[in-house]
Amino acid sequence: MQPRKLERFVGELWQDSIMPALTEYIRIPAKSPFFDHDWERRGYLEDAVRLAVKWCEAHRIAGMTLEVVRLPGRTPLVYIEIPGTRPGTVLLYGHLDKQPEFSGWRDDLGPWKPVIENERLYGRGGADDGYALFASLGAMLALDDQRAAHPRCVLLLECSEESGSPDLPAYIDALSDRLGTPELVVCLDSGCGNYDQLWATTSLRGLVAGTLTVEVLELGVHSGDASGIVPSTFRIARQLLARIEDAATGEIIPPELHVAIPADRVEQARHAAHVLGAHVHDKFPFAHGCGPISRDSAELVLNRTWKPALEVIGAAGLPSLEAAGNVMRPRTQFKLSFRLPPTADADAVARRLKEILEADPPYGARVTFEREQASSGWCAGPVPPTLAASIERASTNYFGRSAVFMGEGVSIPFMGMLGAKFPRAQFLVTGVLGPQSNAHGPNEFLHLPTVRRLTCAIADVIGGHSG
């Protein structure tokens, strides 16, 4: 491997070929099925698949096979296989579906409007996770350019990740004979603590999401007539949430949502906190005068990677401010998102949450908690010395600094499933979601220097891997 030659190749590939395709991808409102139930008729996911296939066809490697696999009633999956010149199989993963628009974008930006500014490509899905296809195949093209030996590589691009990957297990089963048993899994859908070095993710949190409904009336009534007699659904909802979360501290109360944090993960969190310092929290756009839960960076790293947390991510039954009259509302609905420790059982947690929230409802109110997602997290095994050395070499070669290992607070259901299916596989989970990149929110961007370096690093790791 010649690192400087590889850098030049990857830089030119991104500038001349990848950037035009990726900007077109951002224009496609390919929302995940969870957010667009009419996705099949709208055809945006198909547009994203067609764009991906067209680019891959234009950059074929000798012996490469490409297929759009379709199972009835499911989103499509792009399957790419590149023969190896060395034993073993590497599985690379990415996704083409996107989160919804969200509000709060700068006036000159928008979710489906690609804008390049200060080495940042703004728009929904560039960093999460449209770049993964281009970085993965780009890394293989860079290896091919140097005639470097590498194992057989399989690329999977799914279209339901932002919905919790409900379609992926069926595809993994359907393709099991073709997939074989990968020795290394590379996932490019994670985060990075900064843009200065390669970050390897050691764990991912699980997720339970669902809707809490509290109902006391058949229809709304005059608040002056009913208040003091009819209980408030909002107040009842507050009482129910207090069973789960300490409102003063944010601590999650039920012990079933907690796990013992492994000692090595605590040590990794301390090291990551030392590297990042105040950047653990000052990367967030706090309102003037507001600050983080704690000033202890190591505590904050563990909070976001190994401790459970609750957020109310949506509400119904609340009229807009302009339309709010003096009415006792009949119902309140909250969409709840629980982030779980990596080793917690999401299905068991979901059942327990339903029991806690629905038990003995105040005033006999009609209370339901209907789960919509339940995905367990993932915790990597010990990093083998050879892979650790390969990651360190790649970080030093292309970032100029040592790699850092840290857990992430996000959820990637694919990782838990693959970890269970291939327990002996090694994992490199990494990504470009760094400070202010703001995936899922407004002004999402892809940091272009980082994605070019990451493409080089992935080529270096794959080129150095032997099955």
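## The surroundings of helix α11

In this predicted model, the buried residues of helix α11 are covered by several elements, including β8, α9, α10 (residues 279-282), β15 and β16. Helix α11 spans residues 297-306, and 8 of its 10 residues are buried, so the helix is largely enclosed by the rest of the structure. The buried residues are Ser297, Ala298, Leu300, Val301, Leu302, Asn303, Thr305 and Trp306.

## Val301 as an example

Val301 belongs to helix α11 and shows what burial looks like for a single residue. Its relative accessibility is 2%, and because residues under 20% are classed as buried, Val301 falls in that class. When neighbours within four places in sequence are left aside, Val301 is in contact with Ala269, Ala273, Val280 and Met406.

Of these partners, Ala269 and Ala273 have numbers that fall in helix α9 (residues 263-276), Val280 falls in α10 (279-282), and Met406 falls in strand β16 (404-408). A distance in space can also be compared with a separation in sequence: Val301 and Ala272 are 29 residues apart along the chain, while their C-alpha atoms are 7.9 Å apart.

## The sheet beside the helices

Strands β15, β8 and β16 form an open sheet of 3 strands, in the order β15-β8-β16 and with mixed pairing. β15 and β16 stand at the edges, each with a single partner strand, so one side of each has no neighbour in the sheet. In general, the strands of a sheet pair through backbone hydrogen bonds, in either a parallel or an antiparallel sense.

Strand β8 covers residues 199-204 and pairs with β16 in the parallel sense, over 4 bridges. In one of these strand-to-strand pairings, Trp199 has Val404 of β16 as its bridge partner. Helix α9 lies across β8, β15 and β16, and runs at about 110° to β16.

## The second largest pocket

The second largest pocket has a volume of about 200 Å³. Its lining consists of 15 residues, and those nearest the centre are Ala380, Gly381, Ala425, Gln426 and Phe427. Two elements give two or more residues to this lining, namely β15 (378-379) and β17 (426-433). Strand β15 is thus found both in the pocket lining and in the open sheet described above.

Which class of residue lines this pocket, and in what numbers? The lining has 11 nonpolar, 3 polar and 1 charged residues.

## Backbone features to notice

Most residues other than glycine have a negative phi, and most peptide bonds are trans. Against this background, three places in the model may be examined.

The peptide bond from Asp128 to Asp129 is cis, with omega near 15°. Asp129 is located in helix α4, which covers residues 126-145.

Tyr363 is not a glycine, yet its phi is positive, at about 60°. This residue is in the loop between α12 (346-358) and β14 (366-375). Is Tyr363 buried or exposed? With a relative accessible area of 56%, Tyr363 is exposed.

Gln436 also has a positive phi, near 65°, and is likewise a residue other than glycine. Its place is in the loop between β17 and β18 (445-447). At 40% relative accessibility, Gln436 counts as partly exposed.

Methods. Residues numbered from 1 in each chain as written. Predicted model: local features only at pLDDT ≥ 70, side-chain atom pairs only at ≥ 80, totals over all residues. Heavy atoms only, no water. 1 Å grid on protein atoms, 1.4 Å probe; cavity = no way out; pocket = protein on both sides within 12 Å on 5 of 7 lines; lining within 4 Å. Points joined across faces, edges and corners; volume = space filled by probe spheres on them. Nonpolar A, V, L, I, M, F, W, Y, C, P; charged D, E, K, R; others polar. Pairing = 2+ DSSP bridges. Contact = heavy atoms within 4.5 Å. Axes fitted to C-alpha atoms, helices over the stretch in contact; angles between N-to-C directions. Buried < 20%, exposed > 50% of the residue type's maximum accessible area, 1.4 Å probe, protein only.
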